[in-house]
Amino acid sequence: MSLSWIEALIAINENVIACERRFHRQCILVAERAAQGLVTAEDEMLLASYMASLTLIRAHRDSLLADAPTDE
C-alpha cells in the first residue's frame with residue numbers, strides 16, 4: 001500500500017473518530033435531557049442526522065479499504 005493510500009486512510013479514520021465523538025456527545029446530552037423529560041423532536045432529528053453521517057463516513061472508509069492496492 002502506498003504512502004498516499006495510508007495518508008488517505010488516516011484522514012478518513014480521523015473523520016470517523018470525530019463524527020463518533022460528536023455523536024457520543026449528542027447522545028449524552030439527549031440522555032440528560034430525557035432524564036428531565038425534555039427530549040424534543042429536534043434532539044431526535046439531530047441524533048438521526050449524526051447516525052446517518054456516521055454510517056456514510058464509515059461506508060466511505062470501507063470503500064477506500066476495499067479499493068486499497070495491496071503489494072503482492
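**Why these labels? Two helices under questioning**

Biologist: Why does aspartate 43 count as buried?

Modeller: In this predicted model, aspartate 43 has a relative accessibility of 10%. Buried means under 20%, so aspartate 43 earns the label.

Biologist: And what does aspartate 43 touch, leaving aside its neighbours within four places in sequence?

Modeller: Aspartate 43 is found in helix 2, and its contacts are Gln26, Val30, Arg33 and Leu38.

Biologist: What makes aspartate 43 and arginine 33 a salt bridge?

Modeller: Their closest N and O atoms are 2.8 Å apart. The cut-off is 4 Å between a side-chain nitrogen of Lys or Arg and a carboxyl oxygen of Asp or Glu, so this pair qualifies.

Biologist: How do you know that this pair ties together parts of the chain?

Modeller: Look at where each partner sits: aspartate 43 lies in helix 2 and arginine 33 in helix 1, so the bridge joins parts that are 10 residues apart in sequence. Arginine 33 itself is at 31% relative accessibility, which falls between the 20% and 50% limits, so it counts as partly exposed.

Biologist: How many salt bridges does a search of the whole structure find?

Modeller: That search finds 3. Another of them pairs the side chains of glutamate 20 and arginine 58, at 2.6 Å from N to O. Glutamate 20 is in helix 1 (residues 3-35) and arginine 58 in helix 2 (residues 41-67), so this pair links distant parts of the chain, 38 residues apart.

Biologist: Why are glutamate 20 and arginine 58 called partly exposed?

Modeller: Glutamate 20 has a relative accessible area of 30%, and arginine 58 has 33%. Partly exposed runs between 20% and 50%, so the label fits glutamate 20 and arginine 58.

Biologist: What makes aspartate 62 and arginine 61 a salt bridge?

Modeller: Their closest N and O atoms are 3.4 Å apart, and the limit is 4 Å, so the pair counts. Aspartate 62 is partly exposed, at 41% relative accessibility.

Biologist: On to the cysteines. How do you know that cysteine 19 is in no disulfide?

Modeller: The search of the whole structure finds 0 disulfides. For cysteine 19, the nearest cysteine sulfur is that of cysteine 27, 11 Å away. A disulfide needs the two sulfurs within 2.5 Å, so cysteine 19 and cysteine 27 don't make one.

Biologist: Buried or exposed: how would you label cysteine 19?

Modeller: Buried, because its relative accessible area is 4% and the limit is 20%. Cysteine 27, at 28%, is partly exposed. Leaving aside its neighbours within four places in sequence, cysteine 19 is in contact with Tyr50, Ser53 and Leu54.

Biologist: Which residues make up the largest nonpolar core?

Modeller: There are 10 in all: Leu9, Ile12, Val16, Cys19, Phe23, Val30, Leu47, Leu54, Ile57 and Leu64. Helix 1 and helix 2 each supply at least two of them, and helix 1 gives the most, with 6 residues. In soluble globular proteins, nonpolar side chains tend to be buried together.

Biologist: Which residues make the nonpolar surface patch of about 370 Å²?

Modeller: Met1, Leu3, Ile6 and Ile10 make that patch.

Biologist: And what makes isoleucine 10 partly exposed?

Modeller: Isoleucine 10, found in helix 1, has a relative accessible area of 45%. Exposed would need over 50%, so isoleucine 10 stays partly exposed. A patch takes residues with over 30%, so its 45% passes that limit.

Key. Residues numbered from 1 in each chain as written. Predicted model: local features only at pLDDT ≥ 70, side-chain atom pairs only at ≥ 80, totals over all residues. Heavy atoms only, no water. Helix = DSSP H or I, 4+ residues; strand = E, 2+ residues; numbered from the N terminus. Buried < 20%, exposed > 50% of the residue type's maximum accessible area, 1.4 Å probe, protein only. Patch = residues over 30% accessible without salt bridge, like charges linked within 9 Å, V, L, I, M, F, W, Y side chains within 5 Å. Areas by Shrake-Rupley, 256 points an atom, 1.4 Å probe, with all protein chains shown as cover. Core = buried A, V, L, I, M, F, W, Y, C linked by side-chain atoms within 4.5 Å. Contact = heavy atoms within 4.5 Å.
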